[in-house]
Amino acid sequence: MSQSQFIINWEWREGVVAYVVKGQPNRKPYTSNPADAQRWKTKAAAERFLSRKDPTWASMCRIVELGQ
């Protein structure tokens, strides 16, 4: 039985959604392609990630469950 995974997205401009990726020093920490998004095994893990980020930015984010 497969388990769900979670990704984080945010609408940084009206109608424009970006997805969080694992940060690399040589690239932006987001992508427009959900297939490239970083995945978390639990919603709690995604929430912990957001809790360590800037509260203003985190408030614009949404945790999305990917059913598998």
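This text walks through the fold, the core, the aromatic rings and two single residues of the structure above.

The model is predicted, so local features need pLDDT of at least 70 and side-chain atom pairs count only at pLDDT 80 or more, while totals for chains, interfaces and linings use all residues. Residues are numbered from 1 along each chain as its sequence is written, and side-chain values use heavy atoms, with hydrogens and water left out.

Start with the overall plan. The protein has 2 helices and 4 strands. Read from the N terminus, their order is β-β-β-α-α-β. Helices (H or I, at least four residues) and strands (E, at least two) are DSSP runs, numbered from the N terminus. The protein has 68 residues, and 28% of them are buried. Buried means under 20% relative accessible area, exposed means over 50%, and partly exposed lies in between (1.4 Å probe, protein chains only). The accessible surface is about 5100 Å², and carbon and sulfur atoms hold 49% of that area. Such areas come from the Shrake-Rupley method with a 1.4 Å probe; for residues, only the protein chains shown count as cover.

Now look at contacts, meaning heavy atoms within 4.5 Å. Take those between residues at least 6 apart in sequence: 49% of them join residues at least 24 apart.

Next comes the inside. In soluble globular proteins, nonpolar side chains tend to be buried together. A nonpolar core is a set of buried Ala, Val, Leu, Ile, Met, Phe, Trp, Tyr and Cys residues joined through side-chain atoms within 4.5 Å. Here the largest one has 12 residues, including Phe6, Ile8, Trp10, Val20, Phe49 and Leu50. Strand E1, strand E2 (16–20) and helix H1 (43–51) each give two or more residues to this core. H1 gives the most, with 4 residues.

Trp10 leads on to the aromatic rings. Rings of Phe, Tyr and Trp (its six-membered ring) pair if their centres lie within 6.5 Å; planes under 30 degrees apart count as stacked, over 60 as edge-to-face and the rest as tilted. The structure holds 3 aromatic pairs. In one of them, Trp10 and Tyr30 meet edge-to-face, 5.6 Å centre to centre and with 85° between the planes. This pair links distant parts of the chain: Trp10 is in strand E1, Tyr30 is in strand E3, and 20 residues separate them. Trp10 counts as buried because its relative accessibility is 8%. Tyr30 has a relative accessible area of 35%, so Tyr30 is partly exposed.

Trp10 has another partner. The ring centres of Trp10 and Trp57 are 5.2 Å apart and the planes stand at 70°, so this pair is edge-to-face too. Trp57 lies in helix H2 (residues 55–58) and Trp10 in strand E1, so the pair ties together parts 47 residues apart in sequence. Together, Trp10, Tyr30 and Trp57 form one aromatic cluster.

Beside Tyr30 in strand E3 (residues 30–31) sits Thr31. Thr31 counts as buried because its relative accessibility is 15%. Its side chain reaches the backbone nitrogen of Asn33 at 3.2 Å. Leaving out residues up to four places away in sequence, Thr31 touches Ala18, Tyr19, Val21, Asp36 and Ala37.

Finish near the start of the chain. Ser4 is in the segment before strand E1 (5–13). Its relative accessible area is 23%, so Ser4 is partly exposed. Ser4 and Leu66 are 62 residues apart along the chain, yet their C-alpha atoms are separated by 5.6 Å. The side chains of Ser4 and Glu65 share a polar contact of 2.7 Å. A polar contact is a pair of N or O atoms within 3.5 Å; within protein, one must be able to donate a hydrogen and the other to accept it, and residues adjacent in sequence count only if both atoms are side-chain atoms.
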